[in-house]
Amino acid sequence: MPLLRRQKQEDGPKASLKELLPYLFVRRRLFVTAIALSLVGAFTSLVQPLIVQHLIGSVEQQQPLGWLPLFLVAFVLADAIVAGIEHFLLQVIGENVVRRSRKRLVMRMLHLPIAEFDARRTGDLVSRVGSDTTLLRAVLTQGLVEAIGGTLTMIGAIIFMAFLDLTLLGITIGVVVVAFVLIGVVMPFLSRATRAAQEEVGKLTSALERSISGVRTIRAAGATDAEISEIGNRTDDAYRAGVRVARISALFVTISSVAIQVAFLAVVGVGGVRVAAGDLAIGALVAFLMFLFLMIMPLGQLFGAMSAVSQALGALGRIQEIVRIPSEAESEPVRSGAPSASGSSAIEFAAVSFRYPDAVLEAADTAADPVPKAVLDHVSFRVPTGSKVALVGPSGAGKSTTFALIERFYEPSSGTIYVDGHDTVSVPHEELRARIGYVEQDARVLAGSIRDNLLIGSYDASEEDMLEVLERVNLADIVARTDAGLDAQVGEGGVKLSGGQRQRLAIARALLAAPPVLLLDESTSSLDSLNEVRMKEAIDEVSRGRTLLVIAHRLSTVVDSDMIVVLNDGRVEATGTHAELLESSTLYRSIADHQLLAS
């Protein structure tokens, strides 16, 4: 199965301005309105120096001021009101950018192939949804849209400055050109530094997520101080990366500040000489200085926008890295497949081999050999419809991988898997999984209530159905002993439940969906003897008329299976009933002897 390789270049994932634009146009009407207000603001700003010039001229010539002061006040107020409304709209657009990018990223993440989750750190993915998407807001709130109107203001100011004095305008343009050249040199460094900083934040989030999720294990092992030290080191790395961003972005501020000061001092100095020489009226100099500031303020916005865009492109590169990964349906599309030649079985493996992708092995640090042996090697067996079949064998034999392949979490490296006689590659993922109930080995329970967990995949189940299935798996007591009932909270990862209760709740969730096929992976490994007996009775009851494929280390739960498949080192070593395997399989007899079931 194709798997996108993680970027190893020093610069990290890159994004283009073209990829950023769709995020900016998420609210087009508001965006257009904001630009229109920028144009209005540009007009109200450009009119003010002209009014001031006429005011000074009227005073010099001792003429009546008339309505000029009121016009000036009106335009100043209008400029402020327009700026306030524009700022509000930009904040709204910015929040919409963050919302859209987060929803798009989450949607894409949850449709990624399972291999991508196995190859990546959870905390890093969370960081992309959190901090990376937030940086996109800065594109709007730190001056990009304002810079559009500001650019028009700057152009208008330059035109009026040209009419007032070309010499002063030439000095000003020269300073601005030098500043832009310096900014252009600095910008790529800021983009790279931002990407590096976001990568460090992702590593910090991953380390923190690992420590919080495993806090009991860490506390019990006396490793709290070591974890604090590790997270502290990650925090220091993120700090140093952030300081590098601050150091480079400070150059933007320095360059823009120097440009403003040099332009102002040059205009005042040269302009003062020209006024003294009679080549320039004092009113024209004042108006020129006002236009200069009208040009410099948008120039500062442009510098800020360039900085914001550079940082946003760095963050967007990390977002787009995920968005560009083909979804599960795209990387593992539905293809034509021939039906099983041996007839219709609920499940059939035909010479199936499988090895995990290199990126998954690298992430797990399990591959000393760059080309490890196959997890499954030409595995073949059939599960007749309505039967109970067990998979047994030592750890690492490939039992859980077999279930992952049935669910199409991965595709076989070779061979074919059939469900109800159909090649699984010819069945859409949702349709395939709707026919299969799957209880994972670690009995995953999600944060929330018992009701929330039961309704995953069975949204239309009634309260009576939920209570009935809890009774079947011997969990009715945890509902009865609290006033919250089905709304009792299970805590993060089901921490308020025991290991056995978490397993039983996961099984209840699968039983509630009542699929034709049930896959139970080590489903009774955390149960005591009494609950194991009750669970076995519940499974036997619900499996009537359905197909059951069970993985278990406790042979006591599978001795009555219609067939037992013994896996060892990725191969099928033997198949048969419990009695048959005691006679034919040395490995099975060894397991039975160890569990006192050989007699």
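The protein's secondary structure adds up to 21 helices and 10 strands. The model is a predicted one, and what follows should be read with that in mind. Of the 599 residues, 46% count as buried. As for how the chain packs against itself, take the contacts with a separation of 6 or more: residues 24 or more positions apart account for 79% of them. On the outside, the protein exposes about 28,600 Å², and carbon and sulfur atoms supply 60% of that area.

Part of that surface is a nonpolar patch made up of Leu39, Leu152, Ile155, Ile159 and Phe163, which together have about 500 Å² of accessible area. Helix H6 (residues 144–164) makes the largest contribution to the patch, with 4 residues. Phe163 is a handy one to look at here: this residue sits in helix H6, and its relative accessibility of 70% is over the 50% cut-off, so Phe163 counts as exposed.

Turning to the strands, 4 of them line up as an open sheet in the order S2-S1-S4-S5, with antiparallel pairing. The edges are taken by strand S2 (376–383) and strand S5 (422–423); each has a single partner strand, so one side of each has no neighbour in the sheet. Further in, strand S1 (residues 347–354) and strand S4 (residues 414–419) run antiparallel and are joined by 5 bridges. Within this pairing, Glu348 has Tyr418 of S4 as its bridge partner.

Two serines give a look at the buried side of things. Ser561 is found in the loop that links strand S8 (547–551) with strand S9 (563–568). Despite the loop setting, Ser561 is buried, because its relative accessible area of 6% falls under the 20% cut-off. Its side chain reaches the backbone oxygen of Val558 at 2.8 Å. Leaving aside residues up to four places away in sequence, Ser561 touches Lys388 and Ala390.

The other serine, Ser331, belongs to helix H11 (residues 328–331). With 12% relative accessibility, Ser331 is under the 20% cut-off too, so this residue also counts as buried. Ser331 and Pro113 are 218 residues apart along the chain, yet 7.5 Å is what separates their C-alpha atoms.

Methods. Residues numbered from 1 in each chain as written. Predicted model: local features only at pLDDT ≥ 70, side-chain atom pairs only at ≥ 80, totals over all residues. Heavy atoms only, no water. Buried < 20%, exposed > 50% of the residue type's maximum accessible area, 1.4 Å probe, protein only. Polar contact = N/O pair within 3.5 Å; in protein donor to acceptor, adjacent residues only side chain to side chain. Contact = heavy atoms within 4.5 Å. Areas by Shrake-Rupley, 256 points an atom, 1.4 Å probe, with all protein chains shown as cover. Patch = residues over 30% accessible without salt bridge, like charges linked within 9 Å, V, L, I, M, F, W, Y side chains within 5 Å. Salt bridge = Lys/Arg side-chain N within 4 Å of Asp/Glu carboxyl O. Pairing = 2+ DSSP bridges.
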